[in-house]
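Welcome, and thanks for taking a look at this one with me. Below are a few short points to help you find your way around.

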Amino acid sequence: MATLPVYRWHLAPDGYATRRQLRAQGLRPGGQGVAAQLERPRRRRGPLVAYLYRIDCAKPVRPMTPARWAALARANAARRRCPACRRDAGYVIPTSLGTCVPCAFPDPHGSEGST
């Protein structure tokens, strides 16, 4: 098995791109393997690594179908629904809380304000 070419940060030759760079161009890797990698040295830990793909082998991003849009809408709605009170919180529920803010921090004094 051949080893991957390794380039320093910002020194990769033209014709290579990361997944994010491909996506910004409307492309996807399309089944190709990693062609090269970038390494950015760090002082106290191992280097940061970014994998590169060949742009000429990349394929266009698949278009969103109505079924995909519907599935995405259902997934986002599920992220807004509180598992404790089953209400739509109106925002994505933080995974650190696991529930909506009123369920995570119930008001000990009831719903009356202290004025």
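1. Let's start with Gln32 in this predicted model. Gln32 has a relative accessible area of 18%, and it counts as buried because that value is under the 20% cut-off. Along the chain, Gln32 sits in the loop that links strand S3 (27-28) to strand S4 (36-40).

2. Which residues does Gln32 touch, leaving aside those up to four places away in sequence? They are Tyr53, Arg54, Cys57 and Ala58. For Cys57, the C-alpha atom is 7.1 Å from that of Gln32, although 25 residues separate the two along the chain.

3. The side chain of Gln32 also has backbone oxygens to look at. A polar atom of this side chain is 2.9 Å from the backbone oxygen of Arg54. The backbone oxygen of Pro29 is 3.3 Å from a polar atom of the Gln32 side chain.

4. Now for the aromatic rings. Searching the whole structure turns up one aromatic pair, formed by Tyr7 and Tyr16. Their ring centres are 6.2 Å apart, with 45° between the planes. The pair counts as tilted because this angle is neither under 30 degrees nor over 60.

5. Are these two tyrosines buried, exposed or partly exposed? Tyr7 is partly exposed, at 22% relative accessible area, and Tyr16 is partly exposed too, at 24%. Both get this label because their values fall between the 20% and 50% cut-offs.

6. Finally, have a look at Trp9. Arg40 lies over the face of its ring, 5.8 Å from the ring centre.

Technical notes
Residues are numbered from 1 along each chain as its sequence is written. This is a predicted model: local features need pLDDT of at least 70, side-chain atom pairs count only at pLDDT 80 or more; totals for chains, interfaces and linings use all residues. Side-chain values use heavy atoms; hydrogens and water are left out. Rings of Phe, Tyr and Trp (its six-membered ring) pair if their centres lie within 6.5 Å; planes under 30 degrees apart count as stacked, over 60 as edge-to-face and the rest as tilted. Buried means under 20% relative accessible area, exposed over 50%, partly exposed in between (1.4 Å probe, protein chains only). A charge sits over a ring if NZ of Lys or CZ of Arg is within 6 Å of the ring centre and within 35 degrees of the ring normal. Helices (H or I, at least four residues) and strands (E, at least two) are DSSP runs, numbered from the N terminus. Contact means heavy atoms within 4.5 Å. A polar contact is a pair of N or O atoms within 3.5 Å; within protein, one must be able to donate a hydrogen and the other to accept it, and residues adjacent in sequence count only if both atoms are side-chain atoms.
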